[in-house]
Amino acid sequence: MIYHLILKDLRLGKRYWALLPIAAVAIPFFIVSKAAAATSVAFALSSLFIVYLFFNSVSMAEEKHRGAAYLCATPYTRKTLVLGKYALILLLIGSSYILYTLAALIAPERLPVLGIQELGFSLLLLAAVFGLFLPIQYRLGYEKSRLVFFFFIFLMPFLLPYAVGELDGSSLSNSMAGLAPVMQGVLAVAAAVILLLGSMAVSVRIYARQNL
Amino acid sequence: MRIVISNTSDQPIYQQIKDQIKQAILQGELDEGTALPSIRALANDLHVSVLTTRRVYDELESEGFIVTRAGKGSFVAQGNRELLLESKRRMVEVKLAEAWDTARMLGITRQELFAMMELLFEEEEG
Amino acid sequence: MRSILEVEGLTKRLGDFALDGVSFALPDNCITGFIGVNGAGKTSTIKLLLGLMRADAGDIRFLGEDICKREREFKNQIGVVWDDGYFYPELTLLEMKDVVAAAYSEWDESQFRKLLERFGLQGKQRIGTLSKGMRMKYAIALAMSHRARLLVMDEPTSGLDPQVRKELLDLLLAYVAEGNSVFVSTHITSDLDKIADYLVLIDQGKVVWEEEKDRLLDTHRIIKGGAEELTPEVRSMFLTLDESSYGFTGLTAQREKVCRHLRNAQVERPSVEDIMLGYIGRSRI
């Protein structure tokens, strides 16, 4: 069943299919060419961009035509529908990673292949963003949550340095720094998974109560 | 079989249908053992509710005019001569009573009514 | 007469509007018309039935069993047709079918294909290119392809031309002839005159009555007479009254009483719409 839900969403986002592989490769190259030091974030940022773009267009189609209302009248449970969306996000991240890695293998001198540590932190960042964003979108609906998202983007330049500053001297980062990069990566992935599972539980609860 | 539901009659719809089916049976239009349409088919054709045709068939069955076999449908019952004859008489009695009621309401006396009936017979014979 | 669906005390507050203790029972193997003006609560009731909203209070039983206990089994046996369609216009008919069919345990693909062919629909068309009538037929094809026992329809005929409406009504009659039931909400009551077996009237969030269609037609009459015959006593016997300088037309449930007071009154059977109007005005008083 989830397979069909993902298929449906992929079909809804048909327009972006061609664009995404291009973006998945072009953006990292672009970032790396402009700022050699930013290689570690190249993947994270480009995935963020791609996944958000695609997911956004699917959400827009959902909101406009309320196809979810029809599906809720079928035996699909609310939980399954939510799971479908999270599975879509994971699929998009996964595809984005594959494309990035292919690009990196073709041009290793330009793009580094991601190690576990970098992958872990990228995943954590993506999980944090979407883990926060999805429940908000379920709660407020597509239109209003976009406002929240833009507002947040607006605040980012102010919040980010503050957050980094706090994190820098904290006990968490100190204990993390002591670990081997591989361990750091694994922990980051675990944290990402837990974040997403928690986010999913919240989304399910929100969506289960909603009047359609 | 002719079943026409009158828009202006006082009789309930199910009554009209029932009477007309009864009439068809009594006048021999529907032979013993003839299969009747399903309640759904009858309802669709007459544009009435299936709950109505079900009531018609239920009552016709309890009055002995038809029998329903589960899974097979409804059929005109094997003739019970006395029963049918008595029903025929009863039908005429009902019609006569109606005529008398109407006459009374309109202020027509018994003599006038008899006269009217005589006239009717004469017309037929003539 | 057993009921395929029983609703008891359904209550839901929606801003200014509320469904208040909505109760009714749908007889099995029948076409039940759910009537009322726009805004009376028909769509909200149907949304509650189908789990698009959660009721504040009330029970819903399908074939005797509480649907909350086995919601997925319940939904498996229900076919849904919405006024809006709620389909994604970018998807083709087959693509939409793929996601819908996956939800049902008894999807019948050959039945679906047969219906598409019968309706003259192409699977590879995009839903956005369909006319309203074709969209409704598509919705019916989806609803009738998973062995549903009960078809729930919300305003299926609004905006359809008479030809398509007739096709739809014939389809519904064939559907119940196979042993299924239909629950159709509509404010276009002329369709129900022809095919409804049972009616439920809802007004301002409350069920006014539920009754066999023919019994309603038997117990009510449209009576026309002269204006001078409308004494206050006679007036009180009517549910609706339309007066002009030439005379009056009114709906009554007390035919005999009225006929005793009027001479030369013209008496006719009402339509479903006439009866509906008779009970909506009243509940506003």
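This briefing describes the chains of a predicted model, their contacts and the nonpolar core. Chains A and C share the most contacts among the 2 pairs of chains that touch. Chain A and chain B are joined by no contact, and their closest C-alpha atoms lie 29 Å apart. Chain B is more spread out than a compact globule, whereas chain A is as compact as a globular protein of its length.

**Chain B: overall architecture**

- Chain B contains 5 helices and 2 strands, and its elements follow the order α-α-α-β-β-α-α from the N terminus.
- With a radius of gyration of 17 Å, well over the 14 Å that the globule rule gives for 126 residues, chain B is more spread out than a compact globule.
- Along the principal axes, the C-alpha atoms of chain B occupy a box of roughly 55 × 30 × 25 Å.
- Of the 126 residues in chain B, 24% are buried.
- Among contacts in chain B with a separation of 6 or more, 50% are between residues 24 or more positions apart.
- The domain assignment divides chain B into domain 1 (13-76) and domain 2 (81-125).
- A distance of 27 Å separates the C-alpha centres of domain 1 of chain B and domain 2 of chain B.

**Chain B: helix α3**

- Helix α3 of chain B covers residues 50-62; at 1.5 Å a residue its 13 residues should span 18 Å, and the 18 Å between its end C-alpha atoms agrees with this.
- The buried residues in α3(B) include an unbroken run from B:Val50 through B:Leu51, B:Thr52, B:Thr53, B:Arg54, B:Arg55 and B:Val56 to B:Tyr57.
- B:Leu60 is also buried in α3(B).
- B:Gly64, just after α3(B), adopts a positive phi of about 90 degrees.

**Contacts between chains B and C**

- On the chain B side, 13 residues are in contact with 17 residues of chain C.
- At least two residues of the side of chain B that touches chain C come from each of α1 (13-26), α2 (39-46) and α3 of chain B.
- The largest share of that side of chain B, 3 residues, is supplied by α3(B).
- By residue class, the side of chain B that touches chain C comprises 6 nonpolar, 6 polar and 1 charged.

**Chain A: overall architecture**

- Chain A has 8 helices and 0 strands, in the order α-α-α-α-α-α-α-α from the N terminus.
- The radius of gyration of chain A, 18 Å, is close to the 17 Å that the globule rule gives for 212 residues, so chain A is as compact as a globular protein of that length.
- The box filled by the C-alpha atoms of chain A, taken along the principal axes, is roughly 50 × 40 × 30 Å.
- Buried residues account for 33% of the 212 residues in chain A.
- In chain A, residues 24 or more positions apart provide 81% of the contacts with a separation of 6 or more.

**Nonpolar core**

- In soluble globular proteins, nonpolar side chains tend to be buried together.
- The largest nonpolar core in this model has 146 residues, and C:Val81, C:Ala143, C:Val152 and C:Leu199 have the most contacts inside it.
- Helix α5 (residues 78-106) of chain A gives the most to this core, contributing 10 residues.
- Leaving aside residues up to four places away in sequence, C:Ala143 touches C:Gly79, C:Val80, C:Val81, C:Ala148 and C:Leu151.

Conventions: Residues are numbered from 1 along each chain as its sequence is written. Chains are lettered from A and ligands numbered from 1 in the order in which they are written. This is a predicted model: local features need pLDDT of at least 70, side-chain atom pairs count only at pLDDT 80 or more; totals for chains, interfaces and linings use all residues. Helices (H or I, at least four residues) and strands (E, at least two) are DSSP runs, numbered from the N terminus. The expected span of a helix is 1.5 Å times one less than its number of residues. A residue is buried if 20 or more other C-beta atoms lie within 10 Å of its own, exposed if 12 or fewer, and partly exposed in between; C-beta atoms are placed from the backbone. Two residues are in contact if their C-beta atoms, placed from the backbone, lie within 7 Å. Ala, Val, Leu, Ile, Met, Phe, Trp, Tyr, Cys and Pro count as nonpolar, Asp, Glu, Lys and Arg as charged, and the others, Gly among them, as polar. The radius of gyration is taken over C-alpha atoms; the globule rule is 2.2 Å times the number of residues to the power 0.38. Domain bounds come from an automatic or database domain assignment. A nonpolar core is a set of buried Ala, Val, Leu, Ile, Met, Phe, Trp, Tyr and Cys residues joined through C-beta atoms within 7 Å.
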